[in-house]
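Trainee: I should like to go through this model term by term and hear what justifies each label.

Mentor: Then please open the sequence and the structure, and we shall begin.

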Amino acid sequence: MILIDGKKTAADIRDEIRREVEVLTENGQRAPHLTAILVGEDPASWAYVKNKERQSKKVGFTSSLIHLSDHISEAELLNIIDSLNKDKSVDGYIVQLPLPSHIDDQKIIMAINPDKDVDGFHPLNLGKMIAGLPTFLPATPYGIIELILRYDIETTGKNVLIIGRSLIVGRPLSILMSQKRPAGNATVTLAHSKTKNLKNLSLKADIIITALGQPLFLKADMVKEGVVVIDAGINSIDDTSKRGYRLVGDADFDAISKKAKAITPVPGGVGPMTIAMLLKNTLKAYKKNLS
Ligand code: NDP
């Protein structure tokens, strides 16, 4: 059984980025600059943004955080986005979601300059992805594609089942893996909460990608021998440890790893890849900004 190690792969990617940034700055160029906008005090969003900031600095990027009160109006947030769009010193930025309920997420995403949309959520970038044109891929699907490539997992002609159709994970991934591209050429089934007889589908799948947010949902009796499982789920469940909880995926790792050809752990699988790919998108935005 191959353990698909996202923690190590993400570290390798960060090293590659850091080396590239070192060469650029030694040659007198400024460092790439990633900004994050965080509205409110949600602890999970705060931890995520802080982690992005830490990892940006580690690869030699300039990192800045615009932390706003959750009382900010939509118009004020749009003004800040407009100034970031015009600021040549900012190569890419992300708006941490979810936003407070009085702000329309979609209106905010639409306002982001697509050339700085390093999360790849702007409809123009999603459209380019569907058309197979160069663009910023959303970070989590991009990270899954990168794991598949770096672990030489064959996808051509394979039956791939993706469980979960959200716009940040399952839906873009289903498009990428069905395209004529590296880590593509698969026959993809995209399942969701209305899917009937999921077990019939999962038992036929060569590769299963779980992105539904249901702890330990995929059981060993739902997969065939030799399956590849890539688990994007991150779920907190109560346990008897000192901190009172632990993180588990959407797949029952302990049982499935006895049948699988390859599997990602949680934590340490898909999770660490997301920020690494965001940094990769930022480096791309920087090169475009300077050209
Ligand atoms: P969403 O809640 O946006 O989407 C969940 C999807 O799963 C929906 O399409 C839903 O169907 C489907 N679903 C829910 N229950 C079932 C079920 N019983 N059977 C089949 N399908 C089901 O979640 P996200 O995509 O945002 O996140 C999914 C998981 O991935 C979470 O655990 C999250 O924490 C994790 N995640 C990890 C990231 C990372 O690794 N960095 C990044 C983003 C997410 P329907 O559409 O019908 O409601």
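The conversation below sets values from the structure against the definitions of the terms.

Mentor: This is a predicted model, in which local features need pLDDT of at least 70 and side-chain atom pairs count only at pLDDT 80 or more, while totals for chains, interfaces and linings use all residues. Residues are numbered from 1 along each chain as its sequence is written, and side-chain values use heavy atoms, with hydrogens and water left out.

Trainee: What makes the contact of Lys8 with Asp12 a salt bridge?

Mentor: A salt bridge requires a side-chain nitrogen of Lys or Arg within 4 Å of a carboxyl oxygen of Asp or Glu. The N to O distance between the side chains of Lys8 and Asp12 is 2.8 Å, and therefore the pair qualifies.

Trainee: Why are Lys8 and Asp12 separated by about one helical turn?

Mentor: Because they are four residues apart in helix 1 (residues 6-26). Helices (H or I, at least four residues) and strands (E, at least two) are DSSP runs, numbered from the N terminus. As a general matter, an α-helix has 3.6 residues a turn, so residues three or four places apart point the same way.

Trainee: Why is Lys8 called partly exposed?

Mentor: Buried means under 20% relative accessible area, exposed over 50%, and partly exposed in between, with a 1.4 Å probe and protein chains only. Lys8 has 47% relative accessibility, so the label is partly exposed. Asp12, at 28%, is partly exposed as well.

Trainee: Which residue forms a salt bridge with Glu20, and at what distance?

Mentor: The partner is Lys287, with the closest N and O atoms 2.5 Å apart. This pair links distant parts of the chain, since Glu20 is in helix 1 and Lys287 in helix 10, 267 residues apart. Glu20 is partly exposed at 32%, and Lys287 is partly exposed at 42%.

Trainee: Is Glu146, which pairs with Arg150, buried or exposed?

Mentor: Glu146 is buried, because its relative accessible area is 11%. Arg150, at 33%, is partly exposed. The closest N and O atoms of their salt bridge are 3.0 Å apart, and the two residues are four apart in helix 6, about one helical turn. Elsewhere, salt bridges that share partners join Asp15, Arg18 and Glu22 into one network. The whole structure holds 14 salt bridges.

Trainee: What makes the phi of Ala183 worth noting?

Mentor: Phi of Ala183 is near 65°, a positive value in a residue other than glycine. Ala183 lies in the loop between helix 7 (170-178) and strand 6 (187-191). With 7% relative accessibility, Ala183 counts as buried. Asn185 lies in the loop between helix 7 and strand 6 and has a positive phi of about 60° although it is not a glycine. Asn185 is partly exposed, with 32% relative accessible area.

Trainee: How do you know that the peptide bond from Leu97 to Pro98 is cis?

Mentor: Its omega is near 0°. Pro98 lies in the loop between strand 4 (92-95) and helix 4 (105-111). The peptide bond from Val266 to Pro267 is also cis, with omega near 0°, and Pro267 lies in the loop between strand 11 (262-263) and helix 10 (271-290).

Trainee: With which residues is Val266 in contact, leaving aside its neighbours within four places in sequence?

Mentor: Contact means heavy atoms within 4.5 Å, and Val266 has such contacts with Asp231, Gly233, Leu247, Val248 and Gly249.

Trainee: How many residues surround the ligand?

Mentor: There are 21, and the closest are Arg165, Ser166, Ser193, Ile234 and Thr274. A residue belongs to this group if one of its heavy atoms lies within 4 Å of the ligand.

Trainee: What makes the approach of Ser166 to the ligand a polar contact?

Mentor: A polar contact is a pair of N or O atoms within 3.5 Å; within protein, one must be able to donate a hydrogen and the other to accept it, and residues adjacent in sequence count only if both atoms are side-chain atoms. An N or O atom in the side chain of Ser166 is 2.5 Å from an oxygen atom of the ligand, and therefore the pair meets the limit. A backbone N or O atom of His192 lies 3.4 Å from a nitrogen atom of the ligand, and a polar backbone atom of Ile234 is 3.0 Å from an oxygen atom of the ligand.
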